[in-house]
Amino acid sequence: MIDQRIIELEHYINHIDDFTLDIIAEKMLISTKQLSRLLKTWDEEGLIEYKPGRGRGNKVKIELKRDVQADIIEDIKRNIDTMNVKDLQKVLQQPWRHNAFVKLQEIVDEKMNEEEIVDSNELIEWVHKIPENLHPAHINDYLGAQLSHQFYDTLYRVSATGKIIPNLVSVDEWKDDALHIHLKRQVKLSDGSLLIAADVKDSLDYCGSEKCPFAALFSEIEHIEVVNDHYIIISFNKHPKYIKYLFSQKYSAIYRRIDEHTLIGSGPYLLDELSEDSLTIRYNLFYRGHLPDIERIKYLNKRSEKNHFDSYKKDNNEVVFINIGEEFLLFNPHKDLSIKQREYISRIFMETMEEFTETEINRDVANTTLDEKVKLDVKNQILRPLKVVANSQTKVFFEAMQQRLLKDDIQLLFIEMDYLEYINTNLMAIDADFVWMYENYHSLQPYKTIDLLRQCKFQEWYGQLTEGYKIMNDFHYKENDAPSNVGYQYLKRLNQKRLYLPIRKVRRKIYVDAYTKNIDALPYGIVNYIDVILDKKAIRN
């Protein structure tokens, strides 16, 4: 077969004015000496005409004598049965001309449709429900975040050490209140086309539209200008704080809309099949990163009789637990309860929790006790009924807590609403003293606090209070402290005032075979499947 690096050569000599061997060698990631040898070989094979530039002012001459892309495609067509997935991925990453690429894609698609993915390269995840909407800006649970992570990329991302680093961005620069972004080149979407600045503009425009549930977070964007395919300017009404973190979130993911129901991205996987019982994703051959061991992932609805979850659970005994969020007791800071009163209510809540559930709870709170005299003083000071939000799942628990409070002559009234009504009603419009809250937020500071103050129900009570507002908007607020410490100390103070009481981590189960290794949990309960390792030696044995 013809050396496919000649496609790179063709691309560079057609797109670089006044090219030199040094420039092309650097682009092709080889030495100038290696490039010279390649050029001589291709010249001898009749593929190119190569004349080295000798002496000052004499330019090197490289001209193609044949349509090498057409020749290589014919080679691939003849030999495709001997090519594996990594070979195909390497071929597709070359800078093909559009018409040649279309022909190549037809050949590869036909091969992929024929190829069977062996069971050992497939992973099954059991979920409560298959999502109806796969748009990244409409995710509302860990599975939505998981799929967004697999399908799409974001402009920035948070590193394991908590730094905001470029992802799709190559270089950026602030000029006054405008963020100038140069995108990485040669990032391909899952159909093989290049991701361009217009895709970024379309994605962010949607985030700021009335259709997007996160539109308020993008209200500071005034204008987005596409300068060229890889250069975009985002102008703001003022320089926003933590905007790059906003652009790292899954709802800020960059995609291209193909039609009303189809989006494509540049992530490691793409959608393969979708039904009410299951959703299947498979590796994206155009992904610029390494090829994953897990070639296909099936999400199966455990409530569907077709999927036989109970028999699968018995046959697969390896279980991995992934944290997907946290439950906490949150008090209304606009009510008249004192610290001691909130401490008393928290203690009654945790006593009920201990009796009511067999689960791992916050022992720091569960093991605290109130002095009897203090307890008597506190309960005597609560002269009005307490109010709490309850739904069909929590009402039985709160009825048990209600009975405990009645022993101290304190009434607990329920504000009953279903989950959707609760989500869609601002907490400021609910006359509750406290809520039992579940949130899915980042595990690292300051992003945990930023999530709570920006995109969680928490912010409806606390976002406009002085400290929370300053954390989110004032660049000079505690500017000499590390942001992570500012976030940590904020939640610590709320806990000391008994306004915020962590209860327990919420986890989900993943059933895996014994040879599945390196299951790494990312924030928001996302599993980084691209780095999961299949122990091939264990599989063979």
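# Exercises on a Predicted Protein Model

A search of the whole structure, which is a predicted model, finds 29 salt bridges. The exercises below begin with these charged pairs and then turn to strands, helices, the surface and the backbone.

## Exercise 1. A salt bridge within a helix

Determine how Glu74 and Lys77 are placed relative to one another, and whether each is buried or exposed to some degree.

*Solution.*

Step 1. Begin with the distance. The closest N and O atoms of Glu74 and Lys77 are 3.8 Å apart. The cut-off for a salt bridge is 4 Å, and the two residues do form one.

Step 2. Locate the residues in the chain. Both belong to helix 4, residues 68-79, and they are three residues apart, which means that about one helical turn separates them.

Step 3. Consider the accessibility. Glu74 has a relative accessible area of 36% and is partly exposed. Lys77, with 47%, is also partly exposed.

Step 4. Place the pair in a general setting. Side chains of opposite charge can pair when their charged atoms come close.

## Exercise 2. Salt bridges between distant parts of the chain

For the pairs Arg404 with Glu351 and Arg384 with Asp433, state which parts of the chain are linked.

*Solution.*

Step 1. Take Arg404 and Glu351. Their salt bridge has its closest N and O atoms 3.1 Å apart. Arg404 lies in helix 14 and Glu351 in helix 11 (residues 339-356), so the pair links distant parts of the chain, 53 residues apart.

Step 2. Examine their exposure. Arg404 is partly exposed at 22% relative accessible area, and Glu351 is partly exposed at 21%.

Step 3. Take Arg384 and Asp433. In this salt bridge the closest N and O atoms are 2.7 Å apart. Arg384 is found in the loop between helix 13 (372-381) and strand 16, whereas Asp433 is found in the loop between helix 15 (419-424) and strand 18 (434-439); the pair therefore ties together parts that are 49 residues apart in sequence.

Step 4. Examine their exposure. Arg384 is partly exposed, at 27% relative accessibility, while Asp433 is buried, with a value of 0%.

Step 5. Salt bridges may also join into a network, as they do for Glu49, Lys51, Lys61 and Glu63.

## Exercise 3. A parallel pair of strands

Describe the setting of strand 16 and the route by which the chain passes from strand 16 to strand 17.

*Solution.*

Step 1. Count the buried residues. Strand 16 spans residues 386-390, and four of its five residues are buried, so the rest of the structure largely encloses this strand.

Step 2. Identify the partner. Strand 16 pairs with strand 17 (residues 412-416) in the parallel sense, over five bridges. Within this pairing, Val389 stands opposite Ile415.

Step 3. Follow the chain. From strand 16 the path runs through helix 14 (residues 395-406) to strand 17, and this β-α-β crossover is right-handed.

## Exercise 4. Buried and exposed positions

Compare the surroundings of helix 7, Asp199 and Tyr419 by deciding which are buried or exposed.

*Solution.*

Step 1. Helix 7, residues 142-151, is mostly covered, as 10 of its 10 residues are buried. Among them are Tyr142, His149 and Phe151.

Step 2. Asp199 is in helix 8, residues 197-207. Its relative accessible area is 5%, and Asp199 is therefore buried, the limit being under 20%. Leaving aside neighbours within four places in sequence, the contacts of Asp199 are Leu189, Leu194, Ile254, Tyr255 and Arg256.

Step 3. Tyr419 lies in helix 15 and counts as exposed at 53% relative accessibility. Together with Leu420 and Ile423, Tyr419 makes a nonpolar surface patch of about 320 Å².

Step 4. Relate these cases to the whole chain. Buried residues make up 50% of its 541 residues.

## Exercise 5. Notable backbone angles

Which peptide bond is cis, and where do Asp176 and Arg498 lie?

*Solution.*

Step 1. The bond from Gln445 to Pro446 is cis, with omega near 10°. Pro446 is in the loop between strand 18 and helix 16 (447-454).

Step 2. Asp176 has phi near 55°, a positive value in a residue other than glycine. Asp176 is located in the loop between strand 6 (169-175) and strand 7 (178-183), and is exposed at 73% relative accessibility.

Step 3. Arg498 has a positive phi near 60°. Arg498 lies in the loop between helix 19 (483-496) and strand 19 (500-512), and is partly exposed at 24% relative accessibility.

How values were computed
Residues are numbered from 1 along each chain as its sequence is written. This is a predicted model: local features need pLDDT of at least 70, side-chain atom pairs count only at pLDDT 80 or more; totals for chains, interfaces and linings use all residues. Side-chain values use heavy atoms; hydrogens and water are left out. Buried means under 20% relative accessible area, exposed over 50%, partly exposed in between (1.4 Å probe, protein chains only). Helices (H or I, at least four residues) and strands (E, at least two) are DSSP runs, numbered from the N terminus. Two strands pair if DSSP finds at least two bridges between them. A crossover is right-handed if, with the strands pointing away from the viewer, the path from the first strand over the helix to the second runs clockwise. A salt bridge is a side-chain nitrogen of Lys or Arg within 4 Å of a carboxyl oxygen of Asp or Glu. Patches are made of residues with over 30% relative accessible area and no salt bridge: like charges are joined within 9 Å, nonpolar side chains (Val, Leu, Ile, Met, Phe, Trp, Tyr) within 5 Å. Accessible areas come from the Shrake-Rupley method with a 1.4 Å probe; for residues, only the protein chains shown count as cover. Contact means heavy atoms within 4.5 Å.
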